[in-house]
Amino acid sequence: MVKYHLVANDDSHALVLGAGIAGLLAARVLVDHFSRVTIIDRDDLPEKPENRNGIPQAHHAHILFVRGQRILENLFPGMIAELTSAGAPTVEWTADCPILFQSGWTPRFHSKLVTRTCSRQLLEWQIRQRVMEYGNGQLSILSSCQVIGLHGTKTHVTGVNIRHEHVEEIINADLVVDATGRESHMADWLQELGYPAVKETVVNSFLGYASRTYRQPRNRPDWKALFVMSNPGISTRGGLIYPIEDNSWVVTLSGRQRDYPPTNEAEFFEFAHSLRSPVFYEAIKDAEPLTPIHRYRRTENRLRHFERLSNWPDGLVVTGDAVCAYNPVYGQGMTSAGLAALVLHECLDDQRKHHPKGDLTGLARRFQKRLAKSNSVPWLMATAEDYRWPEVEGAPPNHATRFVQWYTHKVMAAAVQSPDIFQTFFEVTNLVKSPLNLFKPHILVRALMKHSESRSAEISAPPLFWHKRETLEIAQIK
Ligand SMILES: Cc1cc2nc3c(=O)[nH]c(=O)nc-3n(C[C@H](O)[C@H](O)[C@H](O)COP(=O)(O)OP(=O)(O)OC[C@H]3O[C@@H](n4cnc5c(N)ncnc54)[C@H](O)[C@@H]3O)c2cc1C
């Protein structure tokens with residue numbers, strides 16, 4: 001492939017801080033525009049799909065949305081086949097994963113909304129291999145290097161300060177991309193360069209996770225994944241059974257409003273037993289555990305408004321969780337990181353059109369503004385749900401958020417009885433379709449007529465496939 005180099009010198013250099021999903025996807029895009037791309041991570045990156053300190057969330061179920069998988073396949077053709085060969089199961093979500101909504105089980109039917117499901121460790125490792133292959137000769141990774149600050153002036157970032165084995169040095173670059181995640185220090189580093197404080201919006205429903213990986217039992221249920229949602233006013237507790245490679249399940253329990261799931265085995269089972277459906281506990285009670293139980297509690301939605309600073313330095317962009325981290329229970333983070341990579345790609349392409357000589361002026365600011373727009377839909381969806389919880393921390397929701405909350409509740413109530421509504425809802429939450437699709441007349445009318453009842457308990461098993469259910473009902477009537 002012929003590559004265009006944005007900066008008009010022989011050695012244009014982009015530096016990506018963080019080798020998580022957002023950093024790797026940004027690097028993939030940058031390879032098309034810079035003659036050299038360097039990724040820096042403070043971890044010693046493993047040579048196999050393994051846990052590492054910088055990604056504590058990898059112990060927990062990581063759903064890759066349908067949209068996220070499409071972005072990956074687009075950036076790395078053949079990725080789906082590679083995940084399949086590495087053992088990632090295929091899940092057709094509407095057929096293979098019953099979800100216990102607040103108003104009942106979702107219907108089961110075929111929809112072709114399919115993804116490969118795997119551990120976060122395998123997914124990140126696979127992406128890293130493909131980025132290195134794609135950037136062959138152009139891309140390098142510096143591991144065990146901690147970024148400790150920015151280098152530059154008030155108008156222009158020219159590199160970063162790093163620490164490697166107690167030695168500090170400066171690495172220069174034409175573009176620095178911060179993808180250091182939720183704990184990013186970028187706001188502080190900008191202040192050190194003389195910028196004002198970056199405003200943040202935080203919405204916290206105090207959700208905690210506890211997860212353990214199990215070998216799937218021999219007698220498998222008729223589903224591949226199972227999701228029991230919490231229900232405001234009725235149960236703070238939820239859980240997900242998520243199939244991954246090596247015939248394993250990641251079992252993630254979650255509790256809202258500081259009802260944190262325990263890490264002690266007996267209490268973990270007790271918590272699972274207390275979910276709104278006994279099907280969850282029955283599925284895992286005899287399964288063989290493969291790992292200890294890990295917990296995670298930094299789950300607040302946190303939006304850093306870099307786009308609102310009146311001045312923004314050229315040569316610096318911030319992406320992924322470092323800009324917008326969501327409550328993980330909605331599964332949006334990796335797909336949003338993919339969307340951010342696409343925004344970066346668009347901005348670099350536009351820059352090429354408007355500055356054919358390779359000047360980067362204005363690129364970084366334009367990126368932050370467009371990224372803020374791209375993040376707005378998943379942010380609204382996550383926070384509207386979190387505001388259902390009475391003890392949520394954060395400024396009171398605005399009218400748009402209250403409306404989304406009210407209407408989504410009605411759509412979800414209608415969806416448990418209507419496969420077409422559930423399919424559209426699933427496509428919207430998987431960021432495949434615009435939320436405007438939920439306002440089409442055939443959905444709007446049925447949603448508005450629906451009482452959004454909540455069920456206190458669902459002791460029945462998940463439903464049969466929709467077509468089987470219809471046949472059964474007709475047989476019963478006869
Ligand atoms: C418990 C949990 C469950 C989740 N479940 C899902 C899910 O189901 N689906 C989904 O899509 N998303 C999920 N997410 C979100 C998802 O993990 C992230 O949104 C996504 O991976 C993008 O993160 P990132 O690359 O921006 O940051 P991170 O994944 O946090 O990566 C940051 C990287 O930067 C490195 N780093 C940090 N500081 C420095 C420094 N100073 N110097 C050098 N390197 C540094 C770290 O070592 C790390 O490699 C979940 C998150 C959590 C916490």
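User: Which residue stands opposite Val157 of strand 9 in this structure?

Analyst: Strands of a sheet pair through backbone hydrogen bonds, either parallel or antiparallel. In this predicted model, the residue opposite Val157 in strand 9 is Gly152. A further pair of this kind is formed by His151 and Gly159, the latter in strand 9.

User: How many bridges join strand 8 to strand 9, and do the two strands run parallel or antiparallel?

Analyst: Strand 8 and strand 9 (residues 157-164) run antiparallel and are joined by 6 bridges. The connection between strand 8 and strand 9 is a hairpin of 4 residues.

User: Which strand pairs with strand 9 over 6 bridges in the antiparallel sense, apart from the case just described?

Analyst: That partner is strand 10 (residues 167-172), and its pairing with strand 9 is antiparallel over 6 bridges. Within this pairing, Arg163 has Glu168 of strand 10 as its bridge partner. The hairpin of strand 9 and strand 10 has 2 residues between the strands, and Glu165 there takes a positive phi near 45 degrees.

User: In what order do these strands lie in the sheet?

Analyst: The order is 8-9-10, in an open sheet of 3 strands with antiparallel pairing. Strand 8 and strand 10 are the edge strands, each pairing on one side only. On average, and with direction ignored, neighbouring strands of this sheet are turned by 25 degrees against each other.

User: How should I read the sheet with the order 12-19-21?

Analyst: One may begin with the order of the strands and then look at the edges. This open sheet consists of 3 strands, and the pairing is antiparallel. Its edge strands, strand 12 (200-203) and strand 21 (324-325), each pair on one side only. Between strand 12 and strand 19 (residues 301-304) there are 4 bridges in the antiparallel sense. Here Val203 stands opposite Asn301 of strand 19.

User: Which helix packs on that sheet, and which strands does this helix touch?

Analyst: Helix 10 (residues 363-386) packs on the sheet and touches strand 12, strand 19 and strand 21. The direction of helix 10 makes about 145 degrees with that of strand 19.

User: Turning to the ligand, which residues around it come nearest?

Analyst: A useful way to begin is with the residues around the ligand, followed by the individual atom pairs. Of the 31 residues around the ligand, the nearest are Asp41, Ile63, Arg120, Asp321 and Met334. By class, this shell has 13 nonpolar, 13 polar and 5 charged residues.

User: What distances separate oxygen atoms of the ligand from N or O atoms in the side chains of Asp41 and His62?

Analyst: For Asp41, an N or O atom of the side chain is 2.6 Å from an oxygen atom of the ligand. For His62, the distance from a side-chain N or O atom to an oxygen atom of the ligand is 2.8 Å. The backbone also takes part: an N or O atom in the backbone of Gly333 lies 3.3 Å from an oxygen atom of the ligand.

User: How much of the ligand's accessible area does the protein cover?

Analyst: On its own the ligand has 1000 Å² of accessible area, and the protein covers 96% of this. The elements giving two or more residues to the shell around the ligand are helix 1 (21-30), strand 8 (146-152) and helix 9 (333-354). Strand 8 was met above as an edge strand of its sheet.

Terms used: Residues numbered from 1 in each chain as written. Predicted model: local features only at pLDDT ≥ 70, side-chain atom pairs only at ≥ 80, totals over all residues. Heavy atoms only, no water. Near = heavy atom within 4 Å. Polar contact = N/O pair within 3.5 Å; in protein donor to acceptor, adjacent residues only side chain to side chain. Areas by Shrake-Rupley, 256 points an atom, 1.4 Å probe, with all protein chains shown as cover. Nonpolar A, V, L, I, M, F, W, Y, C, P; charged D, E, K, R; others polar. Pairing = 2+ DSSP bridges. Contact = heavy atoms within 4.5 Å. Axes fitted to C-alpha atoms, helices over the stretch in contact; angles between N-to-C directions.
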